[in-house]
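Me: I have a model on the screen and would like to go through it in questions and answers. Please keep the reasoning short.

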Protein chains: 2
Amino acid sequence: MTAEALPAGSFSAAALRARHEDAWRRATTHRFVRELGQGTLDDRVLRGYLVQDYAFVGTLASLVGLAIARAPTMAGKRLFAGFAAILTSDENTYFQRCFDTLSVAPEDRADPALWPESQRFLALLREAGEGGYADILSVLLPAEWIYLDWATALADRLPPRFEHAEWIALHANPGFRDFVAGVAREFDDAVALLDAIQRRRVADRFEAMVLLEAAFFDAAYG
Amino acid sequence: MTAEALPAGSFSAAALRARHEDAWRRATTHRFVRELGQGTLDDRVLRGYLVQDYAFVGTLASLVGLAIARAPTMAGKRLFAGFAAILTSDENTYFQRCFDTLSVAPEDRADPALWPESQRFLALLREAGEGGYADILSVLLPAEWIYLDWATALADRLPPRFEHAEWIALHANPGFRDFVAGVAREFDDAVALLDAIQRRRVADRFEAMVLLEAAFFDAAYG
C-alpha cells in the first residue's frame, strides 16, 4: 500500500503498475470493456457511463492545464498541451454526438446527479491539482494507461456503432500510446525528486485511481 | 489609468485597447516591427530579442496552462489548449531553428542574462498566474492582440528569410486571429463578474503589458 514497501530503486511507473496487477486486470478486462468491444453494451449502461464521465471531463481538462503549468520542461508542457487539445476537441465532440444519439436530456449533459464513484473521481482530481507535478501525474498516469491497455486489446476489430468504436479508437492510436509513454517518463523523473512522505502520497493516489477505474465500470451496471 | 475612469458599461477588451491607442500604436509600428517586415533587421537585434523572448516562453506556456485550468467553460479550455499546443510545438521549433541559424550559444538558449524588461515580463506573467481567470486574460490578451495587429499589417508581403517571415506568419493567420478574438470574448465575460477593485487590477495589468511590449522592442536596440 505504501511507497516504503516497494524495494529501493523500484519506485517507478512500471513498478507501481506491476504492484497493482490484479486491480489493473480487473479494470482492463471488465465486463463493460468486453461488451464495448463486442458492440453488445446495453445503451442504458453506456448512457449512464458517458453522462457520469462527462461530468468530470472539465475537471480533468483543468488538471491537465495544471500539468502544463507545473511541468518543469518544455517537452513536458508540450506533452500535456497536445492531450488538452484532444480532450477539449475530439473527445468533447464524441460525448456531444453520443448524447444526441442516446437522447440524453439537457440537464444530464450539463449537471447530472453524480454517482458516489464520480464524486470520488472529482475529489481525487481536485486534490491532485492542489499538489505538485508528481501528484498530478500520479492520477493522470494510471487513468490514461488503463484506458490505453483495454482499448489497445480491442482495437483489432472495432464494433460497428460509433458510440462503441470511437471510444476505443480515441484510446488506441499511436498518438495516445506516445502520450501515455511520455507521462510515464515524466512520472519517473518527477518521483525521483520526492521524499518518503511525498512518495507515499503519490503511491496512495496511484492505487486509489486504479481501484476507482474498476469501481466506476461496476457502477455503470448498478 | 483605472477602471473607474472608464465610462460605465465600457469595461471591455475593445474599450481598454482604445484607451491605450497611443501605446498600442507605438508597439505595433515600432522600428523593430518595420525592419522585421522589410527583412532589414540587424541579426544582433533579432538574436537579442529572440534569446530574451525565449527565456519567458516556458512561463508563458505555464500561464496558458493555468488559463485552461481556470476557464469556466469547455469552450474556454479548448481555446487555450489549442494555443498551448502551438506555443510548445511550432513556436518552440521556430526559436530552436533561429538559434541554430544565428549561432546562439547554449547558455543563451537555456539560461541567458535577462534584460530588465524581460524580468518585468516574467514578473507580470507570474503575478497574473496567482490571480483569477480575468487576471490571466488581462496580460495574455494585450500581448497576443498586439502581435496579431503588427503581424497582420506585414503579412501581405513576407520578407525572404525564415527568421523574419515565420515570426510574422505565426501571428498572422486565421487560427491566431480566431484565438485572439476568443480571448477577447472570454475577457469580456470574465470582467463582467468583477468588483471595482478587481477591475482596477485588471486594467492596470492590461496597461502594464501594452507599455511593456514597446519597451521590450526598444530594449532590443539598447
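Reply: Before the helices, a term: axes are lines fitted to C-alpha atoms, for helices over the stretch in contact, and angles run from 0 to 180 degrees between N-to-C directions. The model is predicted.

Me: What pLDDT does chain A average?
Reply: In this predicted model, 96% of the residues of chain A score at least 70. The ipTM is 0.94 and the pTM 0.95. The average pLDDT of chain A is 95.

Me: How are α7(A) and α11(A) oriented to each other?
Reply: Helix α7 (residues 90-101) of chain A and helix α11 (residues 162-169) of chain A have axes that come within 10 Å and cross at roughly 165 degrees. Angles over 145 degrees count as roughly antiparallel. The two helices, α7(A) and α11(A), are therefore roughly antiparallel.

Me: Which residues of α11(A) make the contact with α7(A)?
Reply: The crossing of α7(A) past α11(A) is left-handed. From α7(A), the contact takes Glu91(A), Tyr94(A), Phe95(A), Arg97(A), Cys98(A) and Thr101(A). By class, the contact has five nonpolar, one polar and four charged residues. On the α11(A) side the residues are Phe162(A), Glu163(A), Glu166(A) and Trp167(A).

Me: In chain A, which residue has the C-alpha nearest the axis?
Reply: A turn of 180 degrees with a shift of 0.0 Å along the axis lays chain A on chain B with an RMSD of 0.0 Å. The two copies are thus related as by a two-fold rotation axis. In chain A, the C-alpha nearest that axis lies 2.1 Å from it and belongs to Gly65(A).

Notes:
Residues are numbered from 1 along each chain as its sequence is written. Chains are lettered from A and ligands numbered from 1 in the order in which they are written. This is a predicted model: local features need pLDDT of at least 70, side-chain atom pairs count only at pLDDT 80 or more; totals for chains, interfaces and linings use all residues. Side-chain values use heavy atoms; hydrogens and water are left out. pLDDT is the predictor's confidence in each residue, from 0 to 100. Helices (H or I, at least four residues) and strands (E, at least two) are DSSP runs, numbered from the N terminus. Angles under 35 degrees count as roughly parallel, over 145 as roughly antiparallel, 65 to 115 as roughly perpendicular and the rest as oblique. A crossing is left-handed if the near helix is turned anticlockwise from the far one by less than a right angle, and right-handed if clockwise. Contact means heavy atoms within 4.5 Å. Ala, Val, Leu, Ile, Met, Phe, Trp, Tyr, Cys and Pro count as nonpolar, Asp, Glu, Lys and Arg as charged, and the others, Gly among them, as polar. Copies are superposed by least squares on the C-alpha atoms of residues with pLDDT of at least 70 in both.
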